[in-house]
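Work through the exercises below with the sequence and the model at hand. Each task is followed by a stepwise solution.

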Amino acid sequence: MSGSFFDISLEETLSEKAPLAERMRPRTIDEFVGQRHIAAEGKLLYRMIKADRIPSMIFAGPAGCGKTTLARIIANSTKSEFVSINAVTSGVADIKKVIDDAKKLLSMGGKSTILFIDEIHRFNKSQQDALLPSVEKGIITMIGATTENPHFEINSALLSRSTLITLKELTSEDIKGIIKNALADKERGLGSFDIVLTDEALDFLSRVSSGDGRCALNALELAFLSTNKDPDGVIRIDLAVMEDCVQQRTIKYDKNGNEHYDTISAFIKSMRGSDPDSTLYWLAKMLYAGEDPKFIARRMVIFASEDISCADSSALSLAISTFRAVEIIGMPEARINLAHCAVYLACSPKSNASYLGIGEALRDVEKNPTLQVPHHLRSTGHKLSNDKDDPDYKYPHDYPKHYVKQNYRPEGQNKQYYFPTEIGYEKRFKVYLEYLKNEEK
């Protein structure tokens, strides 16, 4: 009995001492702010929670958007056993214990178990594989939360057996609602104190929080704790106070905050600007701060096609090889692979012609998605035939220089999308395509 009493007393003590953001977590889905596309009354997640019909799910979204809060709301609402672990501090042994306990519950009375895994992207492949059979058989219902792209970080087999719930950054209006709730709540918030938050301070905080409700409440609490009462006994938080509190919060690199996005942006823009020295500086800052090296490598893979493309197609091969090297080697040695690739990308000739071309083509397809494939371009429909069986199709290899003029798009669709530059290897493409046009005349 003393153990139970101690647990209750400890929970009450921690609740009183918990930060404002922790105290103000919504307890029910009706208290939840934001994510109206899935959590508003009548929407999918709202209905599932109200009906206590929870499937295995992955919550994917930026920090502070409500992933853990939604999991706690489910814990408060469900009749199932709810178990929570963090992938940073848990391993296969912890997973197996949860699964064994879940089997016992099912055998004893049919009670199901929901397992919430915070930061599930931190689990490696073998740890994720350990979950799969039990999720598949329904022994546990898994809810994972991640700030990373689940298609990169979650095993495809596990992802395919889960409902992917994509959460968005909270809007400025959402943040304002959270702040106002905290100022008004006398039980868990700051409603027992005489606080005046100016409109300018509120607008500023809702804007610079970048959709992160936790950061907004942390800054509000810091402003409250660091501001003395005026002669009337009022705590007045104006724009200057709030700017000072936010500045103190963001002075260090935050892997899930503004600095994370600002630094990767500076890194990419330095590569795009062909400045290897600045590129290495921002790379060093991210690595020093403990940024995920795979996140950096993924961005370089995107950059290789978006900003270099056909000007130097080997850039994409190097970027993919670098991503693989980072996976194999890990830090700290992977910094050498990252630096190698980053310098190469910065020094490579640049072209965004392919990027612009696919964007324009997608817009045209969206405008008219029902255009049919011309008959002579269609598949012959059986394995024994080949492209030469269609008399209307001109097989380019049967012609001099392996080229023949032919329509490759729906009738009337002849817009040019790809405009090769005069830079790098792409210059050869331009010369060759112009040569083919002259051959048509």
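**Exercise 1.** Locate Ser-309 in the secondary structure and describe its backbone and its exposure.

Solution. Step 1: Ser-309 sits in the loop between helix H16 (293-308) and H17; helices (H or I, at least four residues) and strands (E, at least two) are DSSP runs, numbered from the N terminus. Step 2: its phi is positive, about 50°, although Ser-309 is not a glycine. Step 3: with 11% relative accessibility, Ser-309 counts as buried. Here buried means under 20% relative accessible area, exposed over 50%, and partly exposed in between (1.4 Å probe, protein chains only).

This is a predicted model, in which local features need pLDDT of at least 70 and side-chain atom pairs count only at pLDDT 80 or more, while totals for chains, interfaces and linings use all residues. Residues are numbered from 1 along each chain as its sequence is written, and side-chain values use heavy atoms, with hydrogens and water left out.

**Exercise 2.** Treat Gln-35 in the same manner: where is Gln-35 found?

Solution. Step 1: the loop between helix H2 (20-23) and helix H3 (36-39) holds Gln-35. Step 2: Gln-35 is not a glycine, yet its phi is positive at about 55°. Step 3: Gln-35 counts as buried, at 5% relative accessibility.

**Exercise 3.** Which residues does a cis peptide bond join, and what is omega?

Solution. Step 1: the bond is between Met-331 and Pro-332, with omega about 10°. Step 2: Pro-332 lies in the loop between helix H17 (314-329) and H18. Step 3: helix H18 covers residues 334-347 and contains Arg-335. Step 4: Arg-335 counts as partly exposed, at 43% relative accessibility. Step 5: from Arg-335 to Gly-357 the separation is 22 residues in sequence and 34 Å in space, C-alpha to C-alpha.

**Exercise 4.** Describe the surroundings of Ile-143.

Solution. Step 1: Ile-143 belongs to strand E4 (residues 140-146). Step 2: its relative accessible area is 0%, so Ile-143 is buried. Step 3: leaving aside residues up to four places away in sequence, Ile-143 touches Ile-54, Met-57, Phe-59, Ile-74, Ile-114, Leu-115, Phe-116 and Ile-117; contact means heavy atoms within 4.5 Å. Step 4: Lys-427 is 284 residues from Ile-143 in sequence and 51 Å from it in space, C-alpha to C-alpha.

**Exercise 5.** How many disulfides are there?

Solution. Step 1: a disulfide is taken as a pair of cysteine sulfur atoms within 2.5 Å. Step 2: by this rule the count is zero. Step 3: Cys-245 is in no disulfide, and the nearest cysteine sulfur, that of Cys-215, is 13 Å away. Cys-245 is buried, with a relative accessible area of 2%. Step 4: Cys-310 is in no disulfide either; the nearest cysteine sulfur belongs to Cys-341 and is 17 Å away. Cys-310 is buried as well, at a relative accessible area of 18%.

**Exercise 6.** Summarise the whole protein: what are its secondary structure, radius of gyration and extent?

Solution. Step 1: the protein has 20 helices and seven strands. Step 2: its radius of gyration is 28 Å, whereas a compact globule of 441 residues would have one near 22 Å; the radius is taken over C-alpha atoms, and the globule rule is 2.2 Å times the number of residues to the power 0.38. Step 3: the C-alpha trace spans about 90 × 60 × 45 Å along its principal axes. Step 4: buried residues make up 42% of the 441 residues.
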